Number of protein chains: 2
Amino acid sequence: MRAVALNLFARHGYAAVSMRQIAGEVGVQAGALYNYTPDKQSLLFDLMKDHMDQLLGAWSEHPAAPNAVAALEAFTRFHIRFHAARPEAVFIAYMELRNLSPENFLVIEKLRQGYEAEIETLLRQGISEGVFDTPDPKIATRALIAMLNGVNTWFREEGRLSLPDVEDLYWSMVRKSVAV
Amino acid sequence: MRAVALNLFARHGYAAVSMRQIAGEVGVQAGALYNYTPDKQSLLFDLMKDHMDQLLGAWSEHPAAPNAVAALEAFTRFHIRFHAARPEAVFIAYMELRNLSPENFLVIEKLRQGYEAEIETLLRQGISEGVFDTPDPKIATRALIAMLNGVNTWFREEGRLSLPDVEDLYWSMVRKSVAV
DNA sequence: GATTTAACTGAACGTGCGTTCAAATCAATC
DNA sequence: GATTGATTTGAACGCACGTTCAGTTAAATC
């Protein structure tokens, strides 16, 4: 059910997908879904929460890098790979924030901020190492994440560029954009 | 009516806003809206089309720059200013693409590609001038636009940074990211 | 002030929504 | 094969949706 909901929410949007549609693709009547989720809102929230937990979990398991440049490269490649591997969850995580109830939104937003904070720390380390130069690490973090998130709007497995190609291209831009 | 619809679509999403809601905020009954739009879909399309026309129109009226670096700086500042000035239209233009009918989507998508193409041309000029170095201008264009679009997710008029501050920060990153 | 035109109302149309629940069905245990 | 517990069905609940339209009201013209 989660998988079907993820796919439909990503394709048509949370508000435009009915419980009957989800049930239909699962091969079941709408009522049966309520054995697995208390309501539609929780279904959305759980998908988004799972995604954020996986994102933060996967990054936290990443081995420490010897210096800030290596850490930023590791992050750049990790972020691109992680997001390219689950385009549907990513799409939902960024597009359906406003369809979360206020309490649920706060939970997800806090997780998102946690991720952002890790990257900001990384940039600050590079600045104190003297290898990065950016006047506002907070804004630079957001700029970099926005740039990397952009990959998901166009990247296709079967496309002209392979994932390593994309990683190389973006790493080159990320590196230069915060270089001294 | 357009203004109200723009605001509501931006706040709650096209699918989540009813014609009765729009009518209510206008101070009129739902039926009256149909004197001004044939249907809800056209209302969305017109808002998006207007936005894209304004974007392309405003950029095309920009004076030519003496060289590629100046042109890229002009573009960076223009893009940030233009988008910061109409956050609701921008939000809709990027979030409601999937709620357009297939024909309408094609129209908007073509306009978006036109904008992208202008920036790509600009990058290519810088490469041939020898002032830019980026292995894939098409991807670099998308990366830059994604980065600049990111401003709208956090920028607030009353915030810590003024618009010129933001322009300066992003121009510094844009410039370096494609530098030789 | 009568006449024409434009704008709006209010009710209705058929449809689909999220959710509930008694009844039916299925699976596992004894 | 009877009993139990978990799943699923199918119908129903009240409500909201986009859209239409005959009838009313307001504005503009003469």
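Here are a few worked exercises on the DNA contacts and the aromatic rings of this structure.

The model is predicted, so local features need pLDDT of at least 70, side-chain atom pairs count only at pLDDT 80 or more, and totals for chains, interfaces and linings use all residues. Residues are numbered from 1 along each chain as its sequence is written, chains are lettered from A and ligands numbered from 1 in the order in which they are written, and side-chain values use heavy atoms, with hydrogens and water left out.

**Exercise 1. Describe the protein surroundings of DNA strand D.**

Step 1. Count the neighbours: 15 residues surround the strand, and the closest are A:Q29, A:N35, A:Y36, B:M19 and B:Y34. A residue is near a strand if one of its heavy atoms lies within 4 Å of it.

Step 2. Sort that surface by class: six residues are nonpolar, five polar and four charged. Here Ala, Val, Leu, Ile, Met, Phe, Trp, Tyr, Cys and Pro count as nonpolar, Asp, Glu, Lys and Arg as charged, and the others, Gly among them, as polar.

Step 3. Turn to the DNA side: of the strand D atoms within 4 Å of the protein, 62% belong to sugar or phosphate and the rest to bases.

**Exercise 2. Find which part of DNA strand D the side chains of B:S18, B:Y34 and B:R20 approach.**

Step 1. Start with phosphate: a polar side-chain atom of B:S18 lies 3.0 Å from a phosphate oxygen. For B:Y34, a side-chain N or O atom is 2.6 Å from a phosphate oxygen.

Step 2. Move on to the bases: a side-chain N or O atom of B:R20 is 2.8 Å from a base nitrogen.

**Exercise 3. Classify the ring pair B:F75 and B:Y115 and place it in the chain.**

Step 1. Search the whole structure, which gives 14 aromatic pairs over all chains. Rings of Phe, Tyr and Trp (its six-membered ring) pair if their centres lie within 6.5 Å; planes under 30 degrees apart are stacked, over 60 edge-to-face and the rest tilted.

Step 2. Apply this: the centres of B:F75 and B:Y115 are 5.9 Å apart and their planes stand at 55°, so the pair is tilted.

Step 3. Locate the partners: B:F75 is in helix 4 (residues 68-85) and B:Y115 in helix 6 (residues 102-129) of chain B, 40 residues apart. Helices are DSSP runs (H or I, at least four residues), numbered from the N terminus.

Step 4. Check burial: both B:F75 and B:Y115 are buried, meaning under 20% relative accessible area (1.4 Å probe, protein chains only).

Key. Polar contact = N/O pair within 3.5 Å; in protein donor to acceptor, adjacent residues only side chain to side chain. Helix = DSSP H or I, 4+ residues; strand = E, 2+ residues; numbered from the N terminus. Buried < 20%, exposed > 50% of the residue type's maximum accessible area, 1.4 Å probe, protein only.
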